[in-house]
Amino acid sequence: MTGGSPVPSVGLMLAALVNLSHPAHYVHWHFFEMSVANVVVIGLMIGVFWLAILLPFPRRHPTRSQPPPGLEP
Amino acid sequence: MSTPGRAPRSSSPPRLWTTRVRERAVAALPPERLLPDEQPAYVSSWIYVFGVLTIAALVVVLVSGAILGLKGPAWWHVTGVGRFFNGLHLWAVELFFFVMVVHLWGKYFMGAWRGRRSATWVTGAVVFLISIATAFTGYLSQQNFDSQWIATQAKDGLNSVGIGAFFNVTNFGQMYTYHVILLPVAVVALAVWHVLLVRRRGVVPPYPLEAHGRSVTDTSS
């Protein structure tokens, strides 16, 4: 490693998880073209979006059943 | 004793502009609405968490960016701690956009502009667009081959739409000023305005469920 990183072994270990030492992979579908990395991120966002809707939320604090007075629903 | 031709002085003290501003601010945002101690039952869902996650990521972006700006490119490119903060800034931005997009999708599908909340929606959408420009100028401020490549590619596109003369992506000083001063100030100011509007108008409730024989209040059950 260059630059005198204090813990090169940690950097190498993390770098080993994803090999970035090659040109990016792309997906092609007619006119549509996008890097695999971006496709993965968009897929993760869609997954997190559905999990946020479907997973139950823990209740700890007192809540109202309706908006506070003076606010429009 | 009043002078002839002049209106008699009132016994009440004059209303200064500070008084008027304070009264309007308190009327628009009373303390119990600005810092409420309870929320509607329908916010008990993970989808309502992504707004505050976006703010949390923005705070990390601002703090790490301030440290990078104070220490300079030689520090963030060469030293171990500098590269750590460089990575922290990058990944905080990645998380910022990730959670902001989920927040945007959630608000879009629940029609968050309903109930006189159009200004809340518009300020959020504008913050999103300005954030993209801020991230773009950040890529141009890296001071490495990546930023040079992006700048030389982007200049042709920006010249083709006629804004290259006053938004010159090959001018590092201009891009750096946009990235560390002008655009962050705009993002923070609009984000504060956005949050104050959320406090003023309240969190948007889900669409009512009358079609299924339930009302919105059933979410508490």
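In this predicted model, strand S1 (residues 26–29) and strand S2 (residues 32–35) of chain A pair in the antiparallel sense, with 4 bridges between them. Within this pairing, A:Tyr26 faces A:Ser35 of S2(A). The two strands make up a hairpin in which 2 residues separate S1(A) from S2(A). One feature of the turn is easy to find on the backbone: A:His30 has a positive phi of about 55°.

The hairpin belongs to a chain with 2 helices and 3 strands. Followed from the N terminus, the elements of chain A come in the order α-β-β-α-β. Few details of this chain are hidden from solvent by the criterion used here, as 7% of the 73 residues of chain A count as buried. The surface that chain A exposes amounts to about 6200 Å², with 69% of it supplied by carbon and sulfur atoms.

A:Ala52 offers a helpful view of where the two chains meet. This residue sits in helix H2 of chain A, which spans residues 36–54. A:Ala52 counts as buried because its relative accessible area is 3%, under the 20% cut-off. Leaving aside residues up to four places away in sequence, A:Ala52 touches B:Ser45, B:Trp46, B:Ile47 and B:Phe50.

Turning to chain B, its secondary structure consists of 8 helices and 1 strand. Along the sequence these elements follow the pattern α-α-β-α-α-α-α-α-α. Chain B has 221 residues, of which 33% are buried. Among the contacts in chain B with a separation of 6 or more, 71% join residues 24 or more positions apart. The accessible surface of chain B is about 13600 Å², and carbon and sulfur atoms account for 68% of that area.

The second largest pocket holds about 1300 Å³ of space. Its lining comprises 42 residues, and those closest to the pocket centre are B:Tyr48, B:Gly51, B:Val52, B:Val198 and B:Val203. Several helices of chain B contribute to this lining: helix H3 (50–71), helix H5 (80–109), helix H6 (118–140) and helix H8 (172–201) each provide at least two residues. Sorted by class, the residues lining the second largest pocket are 24 nonpolar, 11 polar and 7 charged.

Note on methods
Residues numbered from 1 in each chain as written. Chains lettered and ligands numbered in written order. Predicted model: local features only at pLDDT ≥ 70, side-chain atom pairs only at ≥ 80, totals over all residues. Heavy atoms only, no water. 1 Å grid on protein atoms, 1.4 Å probe; cavity = no way out; pocket = protein on both sides within 12 Å on 5 of 7 lines; lining within 4 Å. Points joined across faces, edges and corners; volume = space filled by probe spheres on them. Nonpolar A, V, L, I, M, F, W, Y, C, P; charged D, E, K, R; others polar. Buried < 20%, exposed > 50% of the residue type's maximum accessible area, 1.4 Å probe, protein only. Contact = heavy atoms within 4.5 Å. Areas by Shrake-Rupley, 256 points an atom, 1.4 Å probe, with all protein chains shown as cover. Pairing = 2+ DSSP bridges.
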